[in-house]
Structure formats: structure tokens, C-alpha cells
Amino acid sequence: MVGRPGKKRGDEEEEKTRQHEEEERGEKDQIRRLQSKYGVGHEKSETGVMETTHGDKPGKDGHSPISSSTITSISFISSSVSRESLEEDEVRVSIVTVEDESCPSEPLGTTLIDPHSQFVLGENEEEHGGEEETKNEEEEEGEGAVVVHLQQMKRKLDHGPDGRPFPSGKKHCKGSGYLSPASLAQATPTTFGDLRLANGHSAQRRRVTSGPPPSGLQDWLLTFQTWSGPERLLALDELIDRCETSQVKHMMQVIEPQFQRDFISLLPKELALYVLTFLAPRDLLQAAQTCRYWRILAEDNLLWREKCREEGISERVHRRDCEQPGADISPWKSAYIRQHRIETNWRRGDDREPSVLKGHDDHVITCLQFSGDLIVSGSDDNTLKVWSAITGKCLRTLMGHTGGVWCSQMAVATVISGSTDRTLRVWDAESGKCVHTLYGHTSTVRCMHLHGNRVVSGSRDTTLRVWDVSTGRCEHVLTGHVAAVRCVQYDGRRVVSGGYDYMVKVWDPETEVCLHTLQGHTNRVYSLQFDGVFVVSGSLDTSIRVWDAETGGCVHTLTGHQSLTSGMELRDHILVSGNADSTVRVWDIRSGQCLHTLQGPNKHQSAVTCLQFCRGLVLSSSDDGTVKLWDLRTGAWLRDVVVLQSRGSGGVVWRIRASDTRLVCAAGSRNGTEETKLLVLDFDLDEKKEAVDIN
């Protein structure tokens, strides 16, 4: 009787042991079924942490790719621990692969996932232990846990930490609380291969196809890796010294791209634009072709406004480009490109023939003016003609003078002409009507100068007269010269005149008083320039004199020409003079020095008849039948803009007038070898505008 209770207790212990072993076998079978179902294998490490691998193929770098689209999780219970410990120390291993959701700039590698950082299963997942379940129930529970785990991990990848979904087309790849490639990879590249991966390049770069690798290569590489940093540098120096040029070039092609950075795109827009301000306009145009973002920066309107101001392009030109239909995104850039095209056309020319405007028969064109699209020519045939600079047609002929027209001035559509009939006439060029006839002079009106609403005329009767153009009334008469007045300048405040009496006089027109008589020339004065501070006079005595307009003193005497100085142009203290000795000289009137003499093998072969300043260029016409273009800064000859067919045999270019975009030349001959005509060259033509003009 005593032995029965002991036997019963032993049977109960054996029964419990048997049940425990059956439960362990059932759990192992469940794990194997899950592994078989989801393609997961495992090995037990020495530390007790399970390292798992996925059935997918490894990536090029030897690591398994990670994708939110293929995520599995299993519950693994070590058989080496007791049931009681399993209830407290359950180990969960998640296998995660990321394929198309990874950041290309962040290299990936294998990592062991800490069990404590795993996603928590849903509340509906039941713990192991408790009541005994059947094998089917255990399988359903395990599969349910995996599905719930998958859904929760998917939800964490598709949503941010706050539960809100990410924008469509993008997956958030940084932050805490959810899986990111940065948390799976090494933060800082330590080798060049890591750097390539960090830059988004494939680990398999293009290899040199020169056959199989040499024997011992791997041993050599392993030896290299065992060396310290200084030892590696020394080895590389020795290796490079032994390389051929082609091999060094190959190294550069592999290495250099990894250290190139588009720093402009990385900077804030304001700083990027500031950097671009240091580029020349030509370089900006090239930078715009780099990429789309650089083009956006290089089109910035304020950036091009500064470039236009540096080049001296005015607001007026900018407004004109803004008003044009179909203007570029940046009006200032459009203005710059247009001005650059005009400058190129001036300096290099093209194959376009000039427009030819024929008129005045075989008479001499004595004066030439143009404003806007209107050209006005005066001739010794007693008429003036108004031409269209666009079509080349003669719009109207201004008739009324009874003698040859010797001088003229023009402002917008108002034309004033002086004639040998001793009168001045005021014309409306658009209607062709004579608005006023100004009587008063007793001899040929030889010169005049228009400023605002007043015109000052000089005559062979030795007097000067100040006229109101709008009323036609003579306001003042200036007397003092003892010979014909040949040239005059008026700036609205002072009148300066030069005559055949060798004198230059400075007048106050309001009081009709001669303030200064500038004496020094020893022959007739033929040309004048006046900028409000300095008076410059050119004479038949071959000299040019610079005078102080306030004191009347002679500041400089410019010598070098050999004959009559027939024309001059003054701008910003730079004087250009044309002489009958066939040369053109450039002077600085502040120092009195001759900066350039425009001569050499391409110089004029006869007397210089007219001069013009334009865009840092000098235009000179001559009795030799040519118009030459010179660089004002260097004094270099650039090209012959106009060459008459009868050059050298009687062809003459009498007068030229130039604007920023056009050149008008009055040409002919004294012996009938060349027709009297006007030549018009437009340097603002492009293909589109030319097609419109032709149509």
C-alpha cells in the first residue's frame, strides 16, 4: 500500500515529461513549416542571437537587398531553455529586405537586429504557453502572428511617426521610430568603394578587359590592407611613379568623378546667384547650358541687370526689349544678347549688302542727319530729301530754298536747314511742310547748332543769330567776328564760335556779350568741340588747341597733324580728330597727349572728310572712297565698312552719321565716276527681323 502512492507520483512525472517533449516537437515542427513556407533558413550563433538569411539573391556588394515589399517575421523559441524561461525571454527575429525603397546615396550592409528594437505585435497575438493547443491551432496562430507583423511593419514603412501617410511617389527614408537605410548602414564611407556607393554609383565599375587577373593579386591586396596609412601612401607614390601615362589617366577617370560636386546646386539660391555675379556674361551663357537648375539661375533678371549695367547698356534699351512681343524670360538678358549681337555685327560685319538710296542726281550731298527711322540729306541742288531707313524709299522732298543747302540740324521730326539764299527754314519731316522761314542773315548760312528749342546759326556775314524754333523769331544777334563764321557750338548756356579771322569766341547769348576771345591760331578755324568745360578748336594752321571755357586760357596745344583739321569728335575727355593729311588721331585733352595715330598699312589714302564716335569705335570717311572702322581703345584698324567701286578714281564719301545700330553714308564723285547716293547699314538685323523687313 505504501508503494502505490510512490508509483503513482512517478507515472505522473513521466506523463508530464512526455507531454513536454511532445509540445517541444510540435513547436519545432511549426517552425520548420513556417521556414519552408516563407523561404527562411536559420543557424544558431554562439551568442544565442539568430542570424537569418532570405532566399533572395544577394546584392552586388554581397549583402541582401532590403525592401519594404518583402518583409517576414517569425517567432523562434530555443529548445535549450525551459518552458518557464520561454514565457519570459521570447526571442523574435525579423528578416527585412529593401530593394527599390533604399536611398542610393546611402550604402547598405548586413546588420544584426536587436530584439528589443523590433516592432511590437498586435494585441490579438497570443503568447506561447497557457493551455495546450492542437497542432492546427498552433499553425494558425503562428501564421496569424506573421501576417499581423507584416501588416504592422508595412504600415510603419508607408507612414510617418505621427501615423500620417507620406506623399505619393516618395517614401520617407530618414528619422527615428521606423526603418531607414541610414540606420542599417555605416554612416561615413571609409574606403573608396564605400564612397562610390555613397555617391549612388554601382559597386561594379567598368573594369579593364585585359584578360584574367594576374596571379597573386589577392595576396598583394591583402598585404596592402595590413599596412598602416603612411605605409599605404608610400606604396601608392611608388606605384604611381611606375605607371604609364595611360594607366594614370585610367586612375583619374575612376577617381575624379567621385570628388566632383555641383556646389551651385547645393548652395541656397541667394548665395548661388552671388557666386554667378563674378562670371562674365559670356560665361553665364555657357553656364546656362549645364543643367536645368543652372539655367534657371542663369536666367535671373536681376543678375542680368547688373551685367547690363557693367556693360553700359541703358534702361532705354532694356525697356525697348521689354516692349517687344515674345521677349525672353529675362528682359535684361535679352537686351544684353541684342547689344552683343550688334557689337559683333559692327566689328566683324556680315555678307549683307548695304541699302542704296539714290537721289539728288549728280549733285553733292553737303549735309546729312538722321533720327529714328528717318534720314534727311541736304544738297547743293537746293533741296532736302527725307528717307525711310527701313524701306530705303524717299518719303518726300523738301523744296523751298532758292540756293544750295549747306548745313542742317535735326531733332525727332523737326529739321532746320541753312542755305546760300541767306535763310534758315524749319521743316516738319513727317508732313514735308515748311513751318518757318527765318530771315535775318545777309549772306550764306554756313553753320548751325541746335539745342533744345533754340538754334544758333553762323554766317558769312560775320554774325551769329539765336532763333526760337517753335516761333521762328530771332532772339539774339551776336556780333564781334571780323570774317566769316565757319563753325559754332551751343550747350544751352554758352555759345562758342570759330571763324576765318583766326579767332574763337565764347558768348553769353542772353546778354549778347563776348566773354572771351581765344587767340592763338595763325590761320582759319574750321572745326569746334565744346563740352561745357573745354573748348577744342581745329585750324588750317595744323594745330589743335584746348581752351578753358571759364577763364579763356589755352590749356594745351596739340601738334602732330600736317594739314587742315576738318572734323573732330569729343566725348569724356577723349578727342578724335580727322585731318587732310589722311590720318586720324586720338587725344586725351586733360594731359594733351596723343594716345593713338590711326594709320599704318590700312590707313586712308586721302583726306579725312568726316568722323563719328560709336560704341567705343571710331568711324572715319575719306576722299579715297572708304569708310574705316577703328578700335578707340587700342587704335587698331578693324575693317573697311564701306568701299566704293570707284575708290581711288574719284569716288568720295562726303558725310557719315552713325547711331548705335545704323550707319548712313553720303557718297558720290566729282567727276561722274560714282552716282550720288546714300548707303545705309543696319547692324541690328537678325534673321527674323530681316524676313519681316523683306515682306
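These are my notebook entries on one predicted protein model.

**Entry 1: confidence**

I began with how far to trust the prediction. The protein chain has an average pLDDT of 77, and 70% of the residues reach at least 70. I then looked up two weak stretches. Residues 1-5 stay under 50 in pLDDT, and the model gives them 0 contacts beyond four places in sequence. Residues 687-695 are also below 50, but there I found 8 contacts beyond near neighbours in sequence.

**Entry 2: the whole chain**

Next I took stock of the chain. I counted 16 helices and 36 strands in the protein chain. How many of the 695 residues count as buried? The share is 43%. The exposed surface of the protein chain comes to about 38,100 Å², with carbon and sulfur atoms supplying 50% of that area. I also checked contact range: among contacts with a separation of 6 or more, 46% link residues 24 or more positions apart.

**Entry 3: a four-stranded sheet**

I picked out one sheet to follow. In what order do its 4 strands lie? I read 5-36-35-34, an open sheet with antiparallel pairing. Strand 5 (355-358) and strand 34 (651-658) are the edge strands, each pairing on one side only. Neighbouring strands here are turned by 25° against each other on average, with direction ignored.

I then zoomed in on strand 34 and its partner. Strand 35 covers residues 662-669, and 7 bridges join it to strand 34 in an antiparallel run. Within that neighbourhood, I noted that arginine 657 stands opposite valine 664 of strand 35. A reminder to myself: strands in a sheet pair through backbone hydrogen bonds, parallel or antiparallel.

**Entry 4: nonpolar cores**

Which residues have the most contacts inside the largest nonpolar core? They are Trp346, Leu619, Val627, Val641 and Leu663, in a core of 20 residues. I traced the contributing elements: helix 15 (331-348), strand 30 (608-614), strand 31 (617-622), strand 32 (626-631), strand 33 (637-643), strand 34, strand 35 and strand 36 (677-682) each supply at least two residues. That brought me back to my sheet, where strands 34, 35 and 36 also sit in the order 5-36-35-34.

I followed one core residue further. Leaving out residues up to four places away in sequence, valine 627 touches Leu619, Ser620, Ser621, Arg639, Asp640, Val641, Val642, Val653, Ile656, Leu663 and Cys665.

Last, I noted a second, separate core of 15 residues, including Ile264, Trp294, Leu303 and Trp304.

Conventions. Residues numbered from 1 in each chain as written. Predicted model: local features only at pLDDT ≥ 70, side-chain atom pairs only at ≥ 80, totals over all residues. Heavy atoms only, no water. Pairing = 2+ DSSP bridges. Axes fitted to C-alpha atoms, helices over the stretch in contact; angles between N-to-C directions. pLDDT = per-residue confidence, 0-100. Contact = heavy atoms within 4.5 Å. Buried < 20%, exposed > 50% of the residue type's maximum accessible area, 1.4 Å probe, protein only. Areas by Shrake-Rupley, 256 points an atom, 1.4 Å probe, with all protein chains shown as cover. Core = buried A, V, L, I, M, F, W, Y, C linked by side-chain atoms within 4.5 Å.
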